[in-house]
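Here's a quick tour of the model, starting at the surface and working inwards. Have the structure open as you read.

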Amino acid sequence: ISTVANMSEAERNEFVSGMISRLQTRLESQPNDAKGWLMLARSLVAVEGTESAIAALTKGLSHVSASQAAELQVFLDKLKQKEDP
């Protein structure tokens, strides 16, 4: 079994993309998961950029309960501040 550190850049990119895809699929069927939405947004920032992460957080906010929304909103606000010049 190969570890991520031993993977080529292409293998790492494929591995990370697969993890993001699986997380997105899980969130489609179990959307009331604030920690999952945060994990997805953080991953998307690193791989696809701020815009994708903002879209994920916005979608997540529409699915989580109000009591779970605060952490998502804080991260969303931080990302939006970074986008504004």
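A charge patch, as the word is used here, is made of residues with over 30% relative accessible area and no salt bridge, with like charges joined within 9 Å. Keep in mind that this is a predicted model.

With that in hand, which residues gather in a patch of positive charge on the surface? They are Lys35, Arg42, Lys78 and Lys82. Two helices are behind this: H2 (34-47) and H4 (66-83) each supply at least two residues of the positive patch. Take Lys35 as an example, which sits in helix H2. Is Lys35 buried or exposed? Its relative accessibility is 63%, so Lys35 counts as exposed, the cut-off for that label being over 50%.

Now for the overall build. The protein has 4 helices and 0 strands, and reading along the sequence gives the pattern α-α-α-α. Taken along the principal axes, the C-alpha atoms fill a box of roughly 40 × 35 × 15 Å. Of the 85 residues in the protein, 28% are buried.

On to the inside. The largest nonpolar core has 19 residues, and Leu40, Leu57 and Leu72 are the ones that touch the most other members. Helix H1 (9-29), H2, helix H3 (50-61) and H4 each give two or more residues to this core. Which helix gives the most? That would be H2, with 6 residues. So H2 turns up twice: this helix supplies at least two residues of the positive patch and is also the top contributor to the core.

Back to charges, this time paired ones. How many salt bridges does a search of the whole structure find? The count is 2, and here they are:

| Salt bridge | Closest N to O distance |
|---|---|
| Arg26 and Asp33 | 2.6 Å |
| Glu28 and Lys59 | 2.6 Å |

The Glu28 and Lys59 pair links distant parts of the chain, with Glu28 in helix H1 and Lys59 in helix H3, 31 residues apart. Lys59 has a relative accessible area of 35%, so this residue is classed as partly exposed. In the other bridge, Arg26 is partly exposed because its relative accessible area is 31%.

Why are Arg26 and Lys59 left out of any charge patch? Each clears the area cut-off, at 31% for Arg26 and 35% for Lys59, but patch members must have no salt bridge, and Arg26 is bridged to Asp33 while Lys59 is bridged to Glu28.

Methods
Residues numbered from 1 in each chain as written. Predicted model: local features only at pLDDT ≥ 70, side-chain atom pairs only at ≥ 80, totals over all residues. Heavy atoms only, no water. Patch = residues over 30% accessible without salt bridge, like charges linked within 9 Å, V, L, I, M, F, W, Y side chains within 5 Å. Areas by Shrake-Rupley, 256 points an atom, 1.4 Å probe, with all protein chains shown as cover. Salt bridge = Lys/Arg side-chain N within 4 Å of Asp/Glu carboxyl O. Lys, Arg positive; Asp, Glu negative; His and termini not counted. Charge placed at Lys NZ, Arg CZ, Asp CG, Glu CD. Buried < 20%, exposed > 50% of the residue type's maximum accessible area, 1.4 Å probe, protein only. Core = buried A, V, L, I, M, F, W, Y, C linked by side-chain atoms within 4.5 Å.
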